[in-house]
Amino acid sequence: MNVGMLWLDGEPGKDLGTRIGRAVEHYRRKYGVTPTACYVHPSMVSGDPSGLPENLRLKTSDSVLRHHIWVGVEERRQAA
């Protein structure tokens, strides 16, 4: 994913699925497209997060700041 929306998570007390859901809904309203990928800092994930939106791939990356959620549409790679 090269382009996406970086969401500052201002409610760290809520569960991760709820926080990601809010970012996904904002992305959907703003861009008219449902995101397919979500990156968060590894420290935000503990165990298997519940309540994630359908068809959303959750990934971790040290490049994403803590308390931020990066959502967008993952490009499909074309076979050579």
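In this predicted model, a good place to start is Tyr 39, which has a relative accessibility of 14% and therefore counts as buried, since the word buried is used for residues under 20%. Its surroundings in strand β2 fit into the same picture: Ala 37 and Tyr 39 point one way from β2, while Cys 38 and Val 40 point the other way, and all of these residues are buried.

From this residue we can step outwards to the strands on either side. Strands of a sheet pair through backbone hydrogen bonds, and they may do so in a parallel or an antiparallel manner. Strand β2, which covers residues 37-40, is joined by four bridges to strand β4, which covers residues 68-72, and these two strands run antiparallel. Four bridges also join β2 to β3, but here the strands run parallel. Tyr 39 has a partner in each of these strands, for it stands opposite Trp 70 in β4, and its bridge partner in β3 is Lys 59.

Seen as a whole, the sheet is open and is formed by four strands in the order β1-β4-β2-β3, with mixed pairing. Its edges are β1 (5-8) and β3 (57-60), each of which pairs on one side only. On average, and with direction ignored, neighbouring strands of this sheet are turned by 25 degrees against each other. Across β1, β2, β3 and β4 lies helix α1, made up of residues 16-31, and this helix runs at about 135 degrees to β1.

The helix and the sheet can also be followed through their aromatic side chains, because two aromatic pairs are found in the structure, where a pair is counted if the ring centres lie within 6.5 Å. What kind of pair do Tyr 27 and Tyr 31 form? Theirs is a tilted pair, with 4.7 Å from centre to centre and 50 degrees between the planes. Both residues belong to helix α1, where they are four residues apart, about one turn of the helix. Tyr 27 counts as buried because its relative accessibility is 9%, whereas Tyr 31, at 41%, counts as partly exposed.

The other pair brings us back to the starting point, since Tyr 39 and Trp 70 form a tilted aromatic pair too, with 5.4 Å from centre to centre and 40 degrees between the planes. This pair links distant parts of the chain, as Tyr 39 in strand β2 and Trp 70 in strand β4 are 31 residues apart. Trp 70 has a relative accessibility of 22% and so counts as partly exposed, while Tyr 39, as we saw, is buried.

Key
Residues numbered from 1 in each chain as written. Predicted model: local features only at pLDDT ≥ 70, side-chain atom pairs only at ≥ 80, totals over all residues. Heavy atoms only, no water. Pairing = 2+ DSSP bridges. Axes fitted to C-alpha atoms, helices over the stretch in contact; angles between N-to-C directions. Contact = heavy atoms within 4.5 Å. Phe/Tyr/Trp six-rings, centres within 6.5 Å; stacked < 30°, edge-to-face > 60°. Buried < 20%, exposed > 50% of the residue type's maximum accessible area, 1.4 Å probe, protein only.
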